[in-house]
Amino acid sequence: MSALTRSPAWQALQAHQHALARHHLREWFAADPARAQRFTLSAAGITADFSKHRTDGRALDLLHALARQQDVEGWRDRMLRGDAVNATETRAALHTALRRAPSTPLRVAGEDVMPPIAEVLARMRAFCTAVRSGERTGHTGARFTDVVNLGIGGSDLGPAMVTEALAPYGSPALRVHYVSNVDAADLAPRLARLDASTTLFVICSKTFTTIETMTNAASARDWLVGALGAPEAVGAHFVAVSTNLEATRAFGIAPDNVFGFRDWVGGRYSLWSPVGLSTMLAIGPEAFDALLAGARAMDEHFARAPLEANLPVRVGLLGVWYANFFGAHTHAVLPYDQRLRRLPDHLQQLEMESNGKSVDRDGRRVDYATCPVIWGSPGTNGQHAFYQLLHQGTQLIPSDFLIVREPHHALVQHHRLLIANCLAQTEALAFGKTAAQARAELSARGIDGARLELLAANQTFPGNQPSTTFVLDRLDPASVGALVAMYEHKVLVQSAIWNINPFDQWGVELGKTLAMRLGVWLEPGAARPDTATAPGLDASTRALIDRLRS
């Protein structure tokens, strides 16, 4: 057993889970009419109802004790002040500095990092204002009508999610597209629908070497030059988010059109940085500032609120509760707002790339579960796809439901129906339907005997499936910023509990290295690999390459 699983706080939680496992949410709500009020927290414009969780006051007390034992507050403070919390790469994780009030200094290794952040943000604002107003044009003098963001992972998922979530804040005169997959089926149809003279490309790659992004960028450049017949047009139609000025210059992008950021901004935490340039182009500088302000409000709450009243801490601890003490292997994210349909995708990377680790901070294998599989899709679509498993399957699957009180549209009846469905699902998951209730309903319909028993067995819902309901007053830039920041801080809380580093991603690197090695065997005219020419190539991969080349 590890030090964590032997620890008093862990052992106490295990014992308490055994005692609670036989209880049902129906009992707790029947015994406590004020349960919903007692288990609700609010921060930065988000209200979270935690009452439909398999917890009591004692469980929360023990979870807070575990958080203190694992120094959650210490890890939070070290991250926020710029300590090198990313030990394997010996650097800070200061995405929160990107949304910090510019007038508040933050010294890291003797340098105030806020002036450079303010300077690049000002450049982003000026650039986006010029493009959106039509002051900045393409090579032919035509106004830009389309922006194509070329990136992958954190250079795509977060910005794309926010851009779609805040679509009502966009301009009909400027459409923003996101291309990430190296599969040409992503890029080619997009280019086919665009006019080269009015298209602006944003290449998002910190190193300017990301193979998927740079392959797409090279093809986009060829398309542009071919359409306009002018190689010099590249400088007017391409900008870069990168730190590699030599590579961007070689591509044809002038230094004034390159927006850089520091190495303490991890990809999956980078939508607040110049990686968010396409988002700012879409929603405008003022809305982007409001996005940062919403995230800053959640940062301040996370930094100051006691554990017992801290929204990201509660979210993180409940995830630990189910992953480690109930054996939950997955966690569903179910936004009841179509504009948040990309949120599960962003959270997959944020959580699974951060905490999908099996080695602790000291390099030892862990003997406990870490990050569950994050998945989901928007309601009500999911209800007609996978909710059957949630309601009557054999797995415990905690869920996050997200609803927005005020819609951006005037179709009020649609919104009422959407909210009613969300509330109905959380109620059904929590309380289910007993066999006695099913029998009574069937009997009232005149069904009896063996038919009644068969149908009753199939129409019984166990319930007791835990869920959190997050309520946003409206889906505006501030609330989206706060929501994403909340999930970022959830990751930090859980990483502290599990004693893992959430800011590196070595598991991503091996596949990249192998892909570069294998790519040469798929080039036209390359020698067919065999034992002599491809040492170390396994039999399965060799056979697949032979098949693909035949």
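These are my notebook entries on a sheet, the helix across it and a helix pair in a predicted model.

**Entry 1. The sheet.**
I began with the strand order. The sheet is open and has 5 strands, ordered β6-β5-β7-β8-β9, and the pairing is parallel. I then looked up the edges: β6 (175–179) and β9 (258–259) each pair on one side only.

**Entry 2. β5 and β6.**
I took the pair at the β6 edge next. Strand β5, residues 146–150, pairs with β6 in the parallel sense over 5 bridges. I noted two facing positions. Asparagine 149 is opposite tyrosine 178 of β6, and leucine 150 is opposite valine 179 of β6. I also checked how the two strands are connected: β5, helix α8 (residues 157–165) and β6 form a β-α-β unit, and this unit is right-handed.

**Entry 3. Cover on β6.**
Is β6 mostly covered or mostly open? I find 4 of its 5 residues buried, so I record β6 as mostly covered, although β6 is an edge strand that pairs on one side only.

**Entry 4. Helix α10.**
I looked for what lies on the sheet. Helix α10 (residues 211–228) lies across β5, β6, β7 (199–204) and β8 (238–241). Against β7, helix α10 runs at about 160°.

**Entry 5. Alanine 220.**
I picked one residue of helix α10, alanine 220. Its relative accessibility is 0%, and therefore I count alanine 220 as buried; the cut-off for buried is under 20%. Which residues does alanine 220 touch, leaving aside its neighbours within four places in sequence? I list Leu150, Leu187, Leu191, Phe201 and Phe238. Of these, Leu150 is the residue I had already noted opposite valine 179. For a long-range check I took asparagine 501, which is 281 residues from alanine 220 in sequence. The C-alpha to C-alpha distance between alanine 220 and asparagine 501 is 37 Å.

**Entry 6. α14 and α15.**
I moved on to a helix pair. The axes of helix α14 (residues 285–304) and helix α15 (residues 311–325) come within 8 Å, with a crossing angle of roughly 75°. Because of that angle I describe α14 as roughly perpendicular to α15. I then asked which residues of α14 and α15 meet. From α14 they are Met298, His301 and Phe302, and from α15 they are Leu311, Pro312 and Val313. By class, the residues of this contact are 5 nonpolar and 1 polar, with no charged residue.

How values were computed:
Residues are numbered from 1 along each chain as its sequence is written. This is a predicted model: local features need pLDDT of at least 70, side-chain atom pairs count only at pLDDT 80 or more; totals for chains, interfaces and linings use all residues. Side-chain values use heavy atoms; hydrogens and water are left out. Axes are lines fitted to C-alpha atoms, for helices over the stretch in contact, and angles run from 0 to 180 degrees between N-to-C directions. Angles under 35 degrees count as roughly parallel, over 145 as roughly antiparallel, 65 to 115 as roughly perpendicular and the rest as oblique. Contact means heavy atoms within 4.5 Å. Ala, Val, Leu, Ile, Met, Phe, Trp, Tyr, Cys and Pro count as nonpolar, Asp, Glu, Lys and Arg as charged, and the others, Gly among them, as polar. Two strands pair if DSSP finds at least two bridges between them. Buried means under 20% relative accessible area, exposed over 50%, partly exposed in between (1.4 Å probe, protein chains only). A crossover is right-handed if, with the strands pointing away from the viewer, the path from the first strand over the helix to the second runs clockwise.
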